[in-house]
Amino acid sequence: MGAPDSPQGQPSQKRGRLEIIHDILRVIERGGGQAKPTQILYRANLSNQMLYDYLAELVAKGMAEQRIGKTGRRTYSITRKGEEYLQGYHSMRAFMDSYGIS
Amino acid sequence: MAVTVYIAPPWFLGYDALFQTLFALVCIVISAFAFRVASRTGAKPVQRIGWSFSLLALSYFVQAATSTFLLTKLSSGMTVASIMGVRAIGMYLHILLMLAGLGLFATMGFESLTPFWLTLIPALVAVLYAENALRAAYTVTSGYLLFLSAKFGMNYFRKKGVESLLISLAFILLLASHVGIFLSGILSPSLYALAHFLALVSYLMILGNLYLVLKKGGPKAVKGIS
């Protein structure tokens with residue numbers, strides 16, 4: 001089954017690491033700059049394990065921030081570095097596509 | 001040691017160095033962009049493109065410096081042996097950098113650098129042991145460019161985008177330019193000048209591709225990257 005809610009708006013085939021990071025950040029960005037883990041899980045079409053592995057990586061790299069609310073619920077927000085990644089990603093994909101790198 | 005392969009028309013002397021400097025500058029712009037994107041995303045193939053264009057830029061700078069040196073020293077009191085020595089060093093350095101740059105380009109799809117070394121080392125050995133090093137080098141680089149033209153041509157037929165078309169045509173023109181330089185020593189010196197014009201159009205296309213790529217990234221991306 002594809003991912004109707006995937007950020008690209010089309011079923012995702014086998015995604016690479018860069019695409020998954022892009023998809024997670026995109027979900028957060030489209031949620032007004034922050035999103036709950038469950039929202040990211042469904043919209044980025046990830047398994048639970050993958051989600052937390054990638055979120056930990058994004059937080060460690062300074063692309064996303066984890067916030068814990070009063071009720072103890074976690075949300076993730078995109079940082080300036082994460083936004084820069086998204087900007088770089090679009091150019092990078094277009095650049096790679098033009099040179100035939102998949 | 002015979003390194004003559006092309007003959008420049010007298011009216012074009014000096015302009016060739018100018019063209020080569022322009023090619024180097026375009027290569028630097030592309031490599032800077034590729035490195036910037038690679039540092040943000042950690043994408044190795046983009047980093048590889050950055051190194052390829054850096055090597056090509058160095059190759060053109062060496063070629064331009066050698067051409068300028070020859071032009072200025074030919075009328076000076078420098079001995080012919082010294083001039084020929086500098087010319088040979090410049091040519092071999094240009095060849096080495098050009099082969100490495102194109103070799104890296106041709107093997108950028110591989111994660112490992114082994115295919116790069118497996119193609120570069122035999123190419124260098126062939127050039128070093130050839131009777132005419134420059135002719136051998138242009139034959140090998142033409143081979144690389146033929147491969148890249150076919151690769152980017154097929155990529156265009158898959159993607160059908162303006163960007164991929166520009167890259168495809170740019171490498172076909174670069175191939176034609178290399179063949180033109182190769183044939184200028186046999187057919188007509190004018191081909192040497194024509195080859196430089198073809199290469200200029202080719203690098204303008206590569207630059208045009210970068211402009212379109214940046215435009216696709218949106219205004220923020222253009223501001224953030226450039």
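Is His22(A) buried or exposed? In this predicted model, His22(A) has a relative accessibility of 4% and counts as buried. Buried means under 20% relative accessible area, exposed over 50%, and partly exposed in between, with a 1.4 Å probe and protein chains only. His22(A) is part of helix H1 (residues 17-30) of chain A. Its side chain makes a polar contact with the side chain of Asp23(A), at 3.1 Å. A polar contact is a pair of N or O atoms within 3.5 Å; within protein, one must be able to donate a hydrogen and the other to accept it, and residues adjacent in sequence count only if both atoms are side-chain atoms.

Residues are numbered from 1 along each chain as its sequence is written, and chains are lettered from A and ligands numbered from 1 in the order in which they are written. In this predicted model, local features need pLDDT of at least 70, side-chain atom pairs count only at pLDDT 80 or more, and totals for chains, interfaces and linings use all residues; side-chain values use heavy atoms, with hydrogens and water left out.

Chain A contains four helices and three strands. Helices (H or I, at least four residues) and strands (E, at least two) are DSSP runs, numbered from the N terminus. Along the sequence, the elements of chain A run α-β-α-α-β-β-α. Chain A has 102 residues, of which 48% are buried. Contact means heavy atoms within 4.5 Å. Of the contacts in chain A with a separation of 6 or more, 49% are between residues 24 or more positions apart. The accessible surface of chain A is about 5500 Å², and carbon and sulfur atoms account for 48% of that area. Accessible areas come from the Shrake-Rupley method with a 1.4 Å probe; for residues, only the protein chains shown count as cover.

One loop residue of chain A has a positive phi. Asn45(A), a residue other than glycine, has phi near 55 degrees. It sits in the loop between helix H2 (37-43) and helix H3 (48-60) of chain A. Asn45(A) is partly exposed, at 34% relative accessible area.

Chain B has eight helices and zero strands. Its pattern along the sequence is α-α-α-α-α-α-α-α. Of its 226 residues, 50% are buried. Contacts between residues at least 24 apart make up 75% of those in chain B that join residues at least 6 apart in sequence. The exposed area of chain B is about 10600 Å², with 75% supplied by carbon and sulfur atoms.

Helix H7 of chain B covers residues 190-216, 27 residues in total. From first C-alpha to last it reaches 39 Å, close to the expected 39 Å at 1.5 Å a residue. The expected span is 1.5 Å times one less than the number of residues. Buried residues of H7(B) include Tyr192(B), His196(B), Tyr203(B) and Asn209(B).

Two of these H7(B) residues also touch helix H1 (residues 15-41) of chain B, where Asp16(B) is located. Asp16(B) is buried, at 6% relative accessibility. Neighbours within four places in sequence aside, it is in contact with Ser67(B), Tyr192(B) and His196(B). The Asp16(B) side chain also reaches the backbone nitrogen of Gly14(B), at 3.2 Å.

Aromatic pairs number 23 over all chains. Rings of Phe, Tyr and Trp (its six-membered ring) pair if their centres lie within 6.5 Å; planes under 30 degrees apart count as stacked, over 60 as edge-to-face and the rest as tilted. Phe105(B) and Phe171(B) form an edge-to-face pair, with 5.3 Å between centres and 65 degrees between planes. Phe105(B) lies in helix H3 (residues 80-106) of chain B and Phe171(B) in helix H6 (residues 162-184) of chain B, so the pair ties together parts 66 residues apart in sequence. Phe105(B) is buried, with 0% relative accessible area. Phe171(B) is buried as well, at 2%. One aromatic cluster is formed by Trp11(B), Phe12(B), Tyr15(B), Phe19(B), Phe23(B), Tyr60(B), Tyr192(B), Phe197(B) and Tyr203(B).

The charged end of Arg135(B) sits over the ring of Phe182(B), 5.6 Å from the ring centre. This arrangement requires NZ of Lys or CZ of Arg within 6 Å of the ring centre and within 35 degrees of the ring normal.

Chain B also has a positive phi outside glycine: that of Lys160(B) is near 55 degrees. Lys160(B) lies in the loop between helix H5 (133-159) and H6 of chain B. Lys160(B) is exposed, with a relative accessible area of 53%.
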